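I opened this model to go through its strands, cysteines, loops and empty spaces in turn. My notes follow in the order I made them.

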Amino acid sequence: MTQNKPSSRRKLVVGNWKMYGNLAWNKTLLESLVEGLRDYRNADYAVCVPTPYLFQAQAVLAGSNIAWGGQNMHQFEGGAFTGSVAPHMLVDFGCSYVIIGHSERRELCYESDPVVAAKFEVAVKVGIKPIFCLGETREEYEAGITEEVVARQLDAVLSRVGPDGLAEGVLAYEPVWAIGTGRGASPAQAQAVHAFIRERIAEQDFEVASHIKILHGGSVRVANAAQLLSMPDIDGALVGNASLVADQFIAICRAAN
């Protein structure tokens, strides 16, 4: 159902800091982003920072045009889960977003499709917009089963929350083989998968499919951002390494703006 982007699909650029940062470095980066993005009002921007630094992100970004969020949370609202972050804790720090289902969590922490779906549901329940990551590994890509993998991941959430619930989140297609490699999917490759995702949602609800944001991730950088963001079904970017360098992240946001 590829179509011209409706006005309601305002672009969104999200920085994923992963496990990087310290107080002094964070302060410099956040203040640079506030200044650098101050006049860009035609798109939305956010940074998802390590949990210990949410207080700092809130303090520096409050009142700016940059939102902030967490990188993960538990699927239960509370309990004896040492080392985990409850959804309401993110709410306490004013988080607008939380990344769920990132390939690093799926692969390294063994988070299954049902667990990711449960996290999506509880994020919506507490009022945080989940950024739901989905994508295939290098082996799956080379085996030609990208659509099968992405459909399975998407269907796990759809079966849990339905299309109306899905509409409360943001999707982020990240080909796992491209993350951090500098060898991202071409704009045409990325567009094809984004269109497939949107069409699969449309099978259940055309309006939700038309309006939901689908970001692209996996080696999004200054050199390819404008081309990727020009694709009709790509509504923004989930940015890893480039989000750690103020000038690079600002340039990607400028392309979205």
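**Strands β5, β6 and β7**

I began with the pairing of β5 and β6, which run parallel and are joined by 4 bridges. The model is predicted, and I read everything below with that in mind. For one register point I took Cys133, whose bridge partner in β6 is Ala172.

On its other pairing, β6 is joined to β7 by 3 bridges, and these two strands also run parallel. Here I noted Tyr173, which stands opposite His216 in β7.

I then checked the faces of β6, which spans residues 170-173. Val170 and Ala172 lie on one side, Leu171 and Tyr173 on the other, and all of them are buried. I recorded both faces of β6 as covered.

**Strand β1 and its partners**

Next I looked up how much of β1 is enclosed. In β1, residues 12-16, 5 of the 5 residues are buried, so the strand is largely enclosed by the rest of the structure. Split by face, Leu12, Val14 and Asn16 are on one side, with Val13 and Gly15 on the other.

I listed the bridges of β1 by partner strand. β2 (residues 44-48) runs parallel to β1 and is joined to it by 5 bridges. Within that pairing, Leu12 has Asp44 as its bridge partner. I followed the chain from β1 to β2: it passes through helix α1 (residues 23-36), and the β-α-β crossover is right-handed.

β8 (residues 236-239) is also parallel to β1, with 4 bridges between them. In this pairing I found Gly15 opposite Val239 of β8.

**Cysteines**

How many disulfides does the structure hold? I found 0. Cys133 is in no disulfide, and the nearest cysteine sulfur, that of Cys48, is 9.1 Å away. I also noted that Cys133 is buried, at a relative accessible area of 1%.

For Cys253 I asked why there is no bond to Cys48. The sulfur of Cys48 is the closest cysteine sulfur to that of Cys253, but at 13 Å the two are too far apart for a bond. Cys253 is buried as well, with a relative accessible area of 0%.

**Loops with positive phi**

I searched for residues with unusual backbone angles. Most residues other than glycine have a negative phi.

Lys18 is not a glycine, yet has a positive phi of about 55°. I placed Lys18 in the loop between β1 and α1. Is Lys18 buried or exposed? Its relative accessible area is 18%, and the cut-off for buried is under 20%, so Lys18 counts as buried.

Ser219 is another entry of this kind: phi is positive, about 60°, and the residue is not a glycine. I located Ser219 in the loop between β7 (214-217) and α10 (222-229). Ser219 is buried, with a relative accessible area of 14%.

**The largest pocket**

I turned to the open spaces. The volume of the largest pocket is about 540 Å³. I counted 24 lining residues, and those nearest the centre are Thr51, Gln71, Asn72, Arg105 and Cys109.

Which elements supply at least two residues each to this lining? They are α4 (103-108) and α5 (113-126). I noted that α4 gives the largest share, 3 residues. Sorted by class, the lining of the largest pocket has 10 nonpolar, 9 polar and 5 charged residues.

**The cavity**

Last, I looked for enclosed space. Rolling a probe the size of a water molecule over the atoms shows where empty space is left.

I found 1 cavity of 30 Å³ or more. The largest cavity has a volume of about 40 Å³. I wrote down its lining as Gly101, His102, Ser103, Arg106, Cys133, Leu134, Gly135, Glu174, Val176 and Ile179. The elements giving two or more residues to this lining are α4 and β5 (129-134). By class, I have 4 nonpolar, 4 polar and 2 charged residues in the cavity lining.

I closed with a cross-check on Cys133. Cys133 is among the residues lining the largest cavity, pairs with Ala172 in β6, and takes part in no disulfide.

Definitions and conventions. Residues are numbered from 1 along each chain as its sequence is written. This is a predicted model: local features need pLDDT of at least 70, side-chain atom pairs count only at pLDDT 80 or more; totals for chains, interfaces and linings use all residues. Side-chain values use heavy atoms; hydrogens and water are left out. A disulfide is a pair of cysteine sulfur atoms within 2.5 Å. Buried means under 20% relative accessible area, exposed over 50%, partly exposed in between (1.4 Å probe, protein chains only). Two strands pair if DSSP finds at least two bridges between them. A crossover is right-handed if, with the strands pointing away from the viewer, the path from the first strand over the helix to the second runs clockwise. On a 1 Å grid over the protein atoms alone, a cavity is a set of points where a 1.4 Å probe fits but cannot get out, and a pocket is an open set with protein on both sides within 12 Å along at least five of seven lines; lining residues have an atom within 4 Å of a point. Grid points are joined across faces, edges and corners, and a volume is the space filled by probe spheres set on the points. Ala, Val, Leu, Ile, Met, Phe, Trp, Tyr, Cys and Pro count as nonpolar, Asp, Glu, Lys and Arg as charged, and the others, Gly among them, as polar.
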